[in-house]
Amino acid sequence: MLLTGHEGEVFCGEFSPDGRTIATGSFDKSIYLWNVYGECENYGVMKGHGNAVLEVHWKHDGTQLYTCSADKSVCVWDPDCGKRLKKLNGHTAIVNSMQTSRRGVPYLVSGGDDGTTKLWDLRVRRCIHTFEHQYQILTVSFDDPSERIFSGSLDNTVLIYDMRMRDNDPEVLEGHTDSITGLDVSKDGNFLATNGMDDTVRIWDVRPFAGARNRCLSVLRGAKHNFEKNLLRVRWSEKDAMLAAGSADQNVLIWDPGHAAVAARVQATGPHGQRQRDLLPPEGGQSSGPWPPTGLGMVFLGELGD
């Protein structure tokens with residue numbers, strides 16, 4: 001299924017928790033809402049950012065949307081009424097990534113080209129701590145209980161900040177040989193997947209008591225980056241049965257993480273390279289996810305077989 005409507009490149013997308021809706025963000029500064037089933041109609045457009053929308057995420061219960069933008073801000077949206085609820089200002093450069101806590105205190109983490117990883121408390125609408133780094137932060141996430149923050153950087157490392165000891169130096173995961181553009185924590189909270197410009201996807205053991213041994217468990221190959229240097233992401237499926245990443249060669253790569261093998265390679269039919277991105281709906285959903293080609297404002301919605 002081909003979804004059209006955006007007037008610029010589509011940089012991000014995510015399925016709602018129930019798998020019935022897709023939210024997409026674009027260079028045209030807007031967020032579109034699409035039905036997954038039936039004719040996949042576009043039923044909502046939300047505007048308010050002043051520059052490209054670079055990442056979008058749903059709240060765990062589907063009642064809110066969160067976005068970050070090249071306009072240096074993070075926004076909170078009500079998808080039912082299509083209105084912006086909050087705008088979080090504090091970054092001094094492009095905000096490349098953001099994520100929210102899965103449960104408990106409603107925290108949000110963001111990372112940007114200003115080299116900072118910012119922790120926000122959504123109850124008071126302000127930044128409560130800033131972690132500083134000398135290089136740009138390209139991708140961020142919380143661990144499962146929201147006790148640690150993972151920040152992927154331009155300097156090929158993942159920084160792990162302990163929220164209980166915020167002034168301590170971070171633990172550093174090393175192994176990638178180029179910038180880290182995407183990361184995602186498995187639903188069981190035990191593993192971290194990272195996508196790097198060295199054309200590898202790596203799986204790390206991030207259990208708190210895993211020790212000081214090498215945390216890198218697997219190196220997956222197949223997903224490509226190219227001269228465009230896009231922020232290609234990586235995502236676990238709802239039950240951690242699959243791992244997927246966008247690729248610059250017009251493919252979406254899907255791995256069986258248990259066997260470190262490519263389970264499927266899905267090709268977009270557009271004429272341009274792969275922009276992204278968020279790929280896997282909750283198990284039981286019909287679609288493998290959107291993979292927008294560059295420059296066309298289109299989203300491809302596909303279906304994975306059994």
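1. Val10 faces Ser26, a residue of strand β3, across a strand pairing. The model in which this is seen is a predicted one. The pairing in question is that of β2 with β3: the two strands run antiparallel, and five bridges join them.

2. These two strands belong to an open sheet. It has four strands, ordered β2-β3-β4-β5, and the pairing is antiparallel. At its edges stand β2, residues 10–15, and β5, residues 42–47, each of which pairs on one side only. Between neighbouring strands of this sheet the average turn is 20 degrees, with direction ignored.

3. Strand β3 spans residues 21–26, and Ile22 is part of it. Is Ile22 buried or exposed? The relative accessible area of Ile22 is 0%. Buried means under 20% on this scale, so Ile22 counts as buried.

4. Ile22 also gives a view of how distant parts of the sequence are placed in space. Leu301 is 279 residues away from Ile22 in sequence, yet the C-alpha atoms of Ile22 and Leu301 are 9.7 Å apart.

5. A second open sheet can be described in the same terms. Four strands make it up, in the order β6-β7-β8-β9, again with antiparallel pairing. Which strands form the edges of this sheet? They are β6 (53–58) and β9 (83–89), and each has a pairing on one side only. Neighbouring strands here are turned against each other by 20 degrees on average, direction ignored.

6. Within that second sheet, strand β8 covers residues 73–78 and runs antiparallel to β9, with six bridges joining the two. One residue pair can be named here: Asp78 has Lys83, in β9, as its bridge partner.

7. The UniProt record, an unreviewed entry, carries the annotation "repeat: WD". Which residues does that annotation cover? The stretches are 3–36, 46–87, 88–130, 130–164, 173–207 and 234–256. The record is the source of these boundaries, and the sheets in the points above are described from the model.

8. Two of the annotated stretches can be set beside their content in the model. Over residues 130–164 the chain is 57% strand and 0% helix, with 14 Å between the end C-alpha atoms. Over residues 173–207 the strand share is 54% and the helix share 0%, and the C-alpha atoms at the two ends are 13 Å apart.

Terms used
Residues are numbered from 1 along each chain as its sequence is written. This is a predicted model: local features need pLDDT of at least 70, side-chain atom pairs count only at pLDDT 80 or more; totals for chains, interfaces and linings use all residues. Side-chain values use heavy atoms; hydrogens and water are left out. Buried means under 20% relative accessible area, exposed over 50%, partly exposed in between (1.4 Å probe, protein chains only). UniProt positions are given in the numbering used here, feature names are shortened, and annotations may be inferred rather than shown by experiment. Two strands pair if DSSP finds at least two bridges between them. Axes are lines fitted to C-alpha atoms, for helices over the stretch in contact, and angles run from 0 to 180 degrees between N-to-C directions.
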